[in-house]
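Open the model in your viewer and keep the selection panel at hand. The tour goes from strand to strand, then on to two single residues.

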Amino acid sequence: MNQLEHLLGQEWDISPAGGATGEAFIAEKEGQKLFLKRNSSPFLAVLSAEGIVPKLMWTKRLENGDVITAQHWMEGRELSQQEMNNIRVAKLLQKIHQSDPLLSMLKRLGKSPLRPESILTDIETGLSSDVTDIPIIKQAIHFLQNNLLLIECDEKVVCHCDVNHNNWLMTETDGLFLIDWDGAVIGDPAIDLGILLYSYVPREEWNQWLARYGKKLDAGLEMRMKWHTVSQLVLSIQWHHRRKRYEERNELLQKLEALLMVS
């Protein structure tokens, strides 16, 4: 915090912005407001240039080597669950998935495409025994193993990997942004599409939503979305279990059970 005050000047009021990492801050001075983050990825500059996140104002390096980025603070709110069915969400996700600059930058940063085999291996080797003993987790792993060969996809795009409604920012000036890109990968667009559709869009409206996004729903896409949604739920269940967040874990277990019942 002292380093930030030295960087900006004593007239700025700096406070933590919350979040899991503790690396984000809000700086205010005479009606000006900035969102600061320590050691953001260079990917942020491309996201800003593409209009996916609020505008990047400047990047500065501290004496200890840390890099601070400042974005224009946008007053706004997260989307409601109902608003995730909005055409603007579909169009922004389409823009992200079709962006060559985003894909090129992640490749330059050393990211290689995320393969389903790698996801399955992480699950098979990374779950604690008390999680794998849960019957619905065993059923999920069998589903992932049995359908691995059915989800090959040549299309590789930049995926956000956490498209829940809390990460969509609607500003007071009617701008729409997708924030919190720390988990971005190169992979099958079904990674994002599956969790969004299963979480927020009634099944009978999937065709309409995907038409806005620019895809047709077929059996192949549906299997890929289900596979990736199951895998993300399993990994999230392990994450919450390790942190003894049992209420959240149990909610996800219920979601996983309901998903596996869908034919």
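Select Trp-58 and Ala-70. Trp-58 stands opposite Ala-70, which belongs to strand S5. This is a predicted model, so read each stop as a computed feature.

Now widen the selection to both strands. S4 covers residues 56-61, and its pairing with S5 is antiparallel, with five bridges. Follow the chain from one strand into the other. Five residues separate S4 and S5 in this hairpin. Pick Gly-65 there: its phi is positive, near 95°.

Stay on S5, residues 67-72. Is this strand mostly covered or mostly open? Mostly covered: five of its six residues are buried.

Next, add S3. S3 and S5 are antiparallel partners, joined over five bridges. For a marker, select Leu-34 and His-72. His-72 in S5 is the bridge partner of Leu-34.

Move on to S2. S3 spans residues 32-38 and pairs with S2 over six bridges, again in the antiparallel sense. Select Ile-26 and Phe-35. Phe-35, in S3, is the bridge partner of Ile-26. Then go to the turn. The hairpin of S2 and S3 has two residues between its strands. Which residue takes a positive phi here? Select Glu-30, where phi is near 50°.

Check the cover on S2 as well. The strand runs over residues 24-29, and five of its six residues are buried.

Keep Ile-26 selected and add Ser-15. Ser-15 stands opposite Ile-26 of S2. Show the rest of S1, residues 13-16: S1 and S2 pair in the antiparallel sense over four bridges.

Leave the strands and select Leu-114. Leu-114 sits in a loop, with helix H4 (100-108) on one side and helix H5 (116-126) on the other. Is Leu-114 buried, partly exposed or exposed? Its relative accessible area is 28%, so Leu-114 counts as partly exposed. Show its contacts beyond four places in sequence: Ile-119, Val-185, Ile-186, Gly-187 and Ile-191. Then draw a distance to Lys-156. The two C-alpha atoms are 8.7 Å apart, although these positions lie 42 residues apart in chain numbering.

Last stop: His-240. Look for His-240 in helix H10, residues 219-242. Why is His-240 classed as buried? Its relative accessible area is 12%, and buried means under 20%. Finish by showing what His-240 touches. Apart from residues up to four places away in sequence, the contacts are Arg-245, Glu-248, Arg-249 and Leu-252.

Conventions:
Residues numbered from 1 in each chain as written. Predicted model: local features only at pLDDT ≥ 70, side-chain atom pairs only at ≥ 80, totals over all residues. Heavy atoms only, no water. Buried < 20%, exposed > 50% of the residue type's maximum accessible area, 1.4 Å probe, protein only. Contact = heavy atoms within 4.5 Å. Pairing = 2+ DSSP bridges.
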